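These are my notes from a session spent looking through one structure. I set down each item in the order in which I looked it up.

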Amino acid sequence: MQPIVSATTSAAKWLTGAHLVQAYADMSVTRGIDDIERSLIRHSHDHPPVRDLNRDSDRRRSAAQQVADALARAIGSWVFLGIQVLLTGSWVILNVLALTDNLDPTPFPLLNLAFGFEVMVAVIIALMAMNRAADRERLRAQGDYEMHVKLEEELRAVMTHLEVQDEVFLEIIQRLDYNERQVRRLARRFGIEERAV
């Protein structure tokens, strides 16, 4: 009779011990989860949204700048070159054949004057277009800078988050190891055989 009572008593002690271990583990896990939740980093996007710099640049153009851009596009086209060649060729043919009462005799001073005026206007328009392109490049560089600052901030937040995750995982592994050692210690104390997994 003695062995049965002894076995029942040790089983009751083991159950009581198991309940205590489980209650402690539950409390420890809950406390650990609360600690982990408090240590989590909440990332907020406190930077301005990405801007469409082309639209901003186009919105800021004055009427004169719009005309200069349109003229620069027109002067730098094949259509303009074709019209220029046709007009020049016609002018030369009409004056060489003296069909216009020799309005512009050879060496064509009026044509040279027209070309000089046209070149002056084209150069000014090209310079205005280059200034606009330089302004747009400055805006693009500013946009690139802002984007890099935002990316650096995001990357820093991701790296911080990963570091916190590493710490949390390490803490979880340490707690699991500690709990496994405690369970083994209790199992040896109560004489429970450890089964191979």
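**Entry 1. Glutamate 180 and arginine 184.** I looked up this pair at the outset and found that the two side chains meet in a salt bridge, with 2.6 Å from N to O. The model is a predicted one, and I read every value with that in mind. I then asked how the two residues are placed along helix 5: glutamate 180 and arginine 184 are four residues apart, so about one helical turn separates them. For exposure, I noted 39% relative accessibility for glutamate 180, which counts as partly exposed. Arginine 184 is also partly exposed, its relative accessible area being 36%.

**Entry 2. The network around aspartate 69.** I next looked for salt bridges that share partners, and I found Arg61, Asp69 and Arg132 joined by them into one network. I placed aspartate 69 in helix 3, which covers residues 63–75. Is aspartate 69 buried or exposed? I found a relative accessibility of 10%; the limit for buried is under 20%, so aspartate 69 counts as buried. Leaving out residues up to four places away in sequence, I listed Arg61, Ala129 and Arg132 as the residues that aspartate 69 touches.

**Entry 3. Arginine 156 and glutamate 152.** I returned to helix 5 for this pair, whose members are four residues apart there and thus separated by about one helical turn. Their side chains form a salt bridge, for which I noted 3.0 Å from N to O. Arginine 156 is partly exposed at 49% relative accessibility. For glutamate 152 I recorded a relative accessible area of 47%, and this residue is partly exposed as well.

**Entry 4. Arginine 138 and aspartate 135.** I looked up a further salt bridge, between arginine 138 and aspartate 135, and found their closest N and O atoms 2.1 Å apart. What is the spacing of arginine 138 and aspartate 135 in helix 5? They are three residues apart, and about one helical turn lies between them. I checked the exposure of each partner. Arginine 138 has 53% relative accessibility; the limit for exposed is over 50%, so arginine 138 counts as exposed. Aspartate 135, at 33%, counts as partly exposed. I add the general remark that side chains of opposite charge can pair when their charged atoms come close.

**Entry 5. Salt bridges in total.** How many salt bridges does a search of the whole structure find? I recorded eight.

**Entry 6. Glutamate 118.** I located glutamate 118 in helix 5, which spans residues 109–190. Not counting residues up to four places away in sequence, glutamate 118 touches Phe80 and Gln84. With glutamine 84 I also found a polar contact between the side chains, at 3.0 Å. The relative accessible area of glutamate 118 is 30%, and I therefore entered this residue as partly exposed.

**Entry 7. A nonpolar surface patch.** I asked which residues make up the nonpolar surface patch of about 390 Å², and I listed Phe117, Met120, Ile124 and Met128. I looked at one of them further: methionine 120 lies in helix 5. This methionine counts as partly exposed, with 44% relative accessibility.

**Entry 8. Helix 2.** I examined residues 53–60, which form helix 2, and found Leu53, Asp56 and Ser57 to be its buried residues. Viewed down the axis of helix 2, these buried residues fall within an arc of 95°, so they line one face of the helix. Which element do the buried residues of helix 2 pack against? I found that they pack against helix 5.

**Entry 9. The whole chain.** I closed with the chain as a whole. I counted five helices and zero strands, and from the N terminus on I read the order as α-α-α-α-α. Of the 197 residues in the chain, 14% are buried. I noted an accessible surface of about 15700 Å² for the chain, with 65% of that surface belonging to carbon and sulfur atoms. Finally, I took the contacts in the chain with a separation of 6 or more, and found that residues 24 or more positions apart account for 74% of them.

Definitions and conventions. Residues numbered from 1 in each chain as written. Predicted model: local features only at pLDDT ≥ 70, side-chain atom pairs only at ≥ 80, totals over all residues. Heavy atoms only, no water. Buried < 20%, exposed > 50% of the residue type's maximum accessible area, 1.4 Å probe, protein only. Contact = heavy atoms within 4.5 Å. Areas by Shrake-Rupley, 256 points an atom, 1.4 Å probe, with all protein chains shown as cover. Polar contact = N/O pair within 3.5 Å; in protein donor to acceptor, adjacent residues only side chain to side chain. Arc of directions from axis to C-beta. Patch = residues over 30% accessible without salt bridge, like charges linked within 9 Å, V, L, I, M, F, W, Y side chains within 5 Å. Salt bridge = Lys/Arg side-chain N within 4 Å of Asp/Glu carboxyl O.
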